Amino acid sequence: MAAQPSRGQKPFHIISPVLESLPLSKAAGTKVYMKLENVQPTGSFKIRGIGHLCQEHRARQALPDPPLSAGGNAGLAAAYAAKKLGLPVTVVVPSTTGPATVRKLEELGAEVEVSGQVWDEANMRALELVRTEGWVSIHPFDHPLVWEGHSSLVQELKDSLETKPDAILLAVGGGGLLAGVVAGLHQVGWQDVPIIAAETRGAHSFHVALAAGRLVSLPDITSVAKCLGAKTVAARALECAQECQVISQVVEDTEAVRAVEQFLDDERMLVQPACGAVLAVLYTGRLQRLQCEGQLRTPLGSVVVVVCGGSSIQLAQLRALKSQLGLE
């Protein structure tokens, strides 16, 4: 069964739409359904798992509650959930976090602390606050309750689609979404559905770990897709690759940003480069290449792409990324 909040609480996420995309279908050579997680209250799928974790914490803890300490790009989801629950929250973010995201966090009532240049360094500060202040840590991706919350996405797919898809495409950062989707596939009996896991080069910690057969830390995050910026994925991500067919795909920053722009033209939705990584798999013909290599069946009946979100992207930022990458 998919995750249900304790004591009959209503989840903080919505049942997101599943829509067929004609432009993506044309590019991929098969029917493509979009699972639109970008329309969630906080702009991404993160509210599923983070919201579930926060609700479980609230249900299990006696008052008074200590502040929640959240690190990285799950901060908006944690701040939203904390506001709903009437809990204080401190969100620790790296210096690469844009001012618009910081402003949104503060508008939700969160205390914001900037620490480090990448998520891993911000998370070290969050864990220090947990140790020294006795706060509760809300991990962005590496927690069973987070995966349990994310698994609800797959149940919604089963309820929406007439037939089982032949593949699910998603972006990988720390591995929380991957772990949640694998959990959901097991719950609905779809564990034979291949997962295509996309990353940008320079944030491809899952890809290097999969190749090595063990956790490997990247020396630094050099990709513009900062939402994928975990130097080391969760151990659970590697376990998922043993339980289901997980196909790793690494795209270039330029391909991800071009995909963001193309998706804006095609579907009138602006998403961040982390989401552009998975869209690039469709726009660049990689899906057909995987079929030619025998990793995916031919023909494909349909595939689902998880449009994971765009809460930290603005048109000005897209223009700046294009200029930075020489795409102007």
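Glu37 and Arg48 pair up in a salt bridge, with 2.7 Å between the closest N and O atoms; the term covers a side-chain nitrogen of Lys or Arg within 4 Å of a carboxyl oxygen of Asp or Glu. Side chains of opposite charge can pair when their charged atoms come close. Between domain 1 and domain 2 the count is two salt bridges. The model is a predicted one, so local features need pLDDT of at least 70 and side-chain atom pairs count only at pLDDT 80 or more, while totals for chains, interfaces and linings use all residues. Numbering runs from 1 along each chain as its sequence is written, and side-chain values use heavy atoms, with hydrogens and water left out.

As for the domains themselves, domain 1 takes in 18–45 + 143–325 and domain 2 takes in 46–137, with bounds from an automatic or database domain assignment. Their centres, taken over C-alpha atoms, sit 24 Å apart. Across the boundary, 27 residues of domain 1 are in contact with 22 residues of domain 2, contact being heavy atoms within 4.5 Å. About 1900 Å² is buried between domain 1 and domain 2, and carbon and sulfur atoms give 58% of that; buried area here is the accessible area (1.4 Å probe) that two parts lose on being put together, summed over both. On the domain 1 side, Thr42, Phe45 and Leu145 supply 28% of the area buried against domain 2, more than any other three residues.

Polar pairing adds to the picture: eight residue pairs, both partners at pLDDT 80 or more, are in polar contact between domain 1 and domain 2. That means a pair of N or O atoms within 3.5 Å; within protein, one must be able to donate a hydrogen and the other to accept it, and residues adjacent in sequence count only if both atoms are side-chain atoms. Helix 6 (144–150) and helix 7 (152–160) each bring at least two residues to the side of domain 1 that touches domain 2. Helix 6 gives the most to that side, with five residues.

Turning to the whole protein, the secondary structure comes to 14 helices and ten strands, which are DSSP runs (helices H or I, at least four residues; strands E, at least two) numbered from the N terminus. The radius of gyration is 19 Å, close to the 20 Å that the globule rule gives for 328 residues, so the protein is as compact as a globular protein of that length. That radius is taken over C-alpha atoms, and the rule is 2.2 Å times the number of residues to the power 0.38.

The structure holds twelve salt bridges. One of them joins Arg125 to Glu113, the closest N and O atoms being 2.5 Å apart. Arg125 belongs to helix 5 (residues 119–133) and Glu113 to strand 5 (residues 111–114), so this pair ties together parts that are twelve residues apart in sequence.
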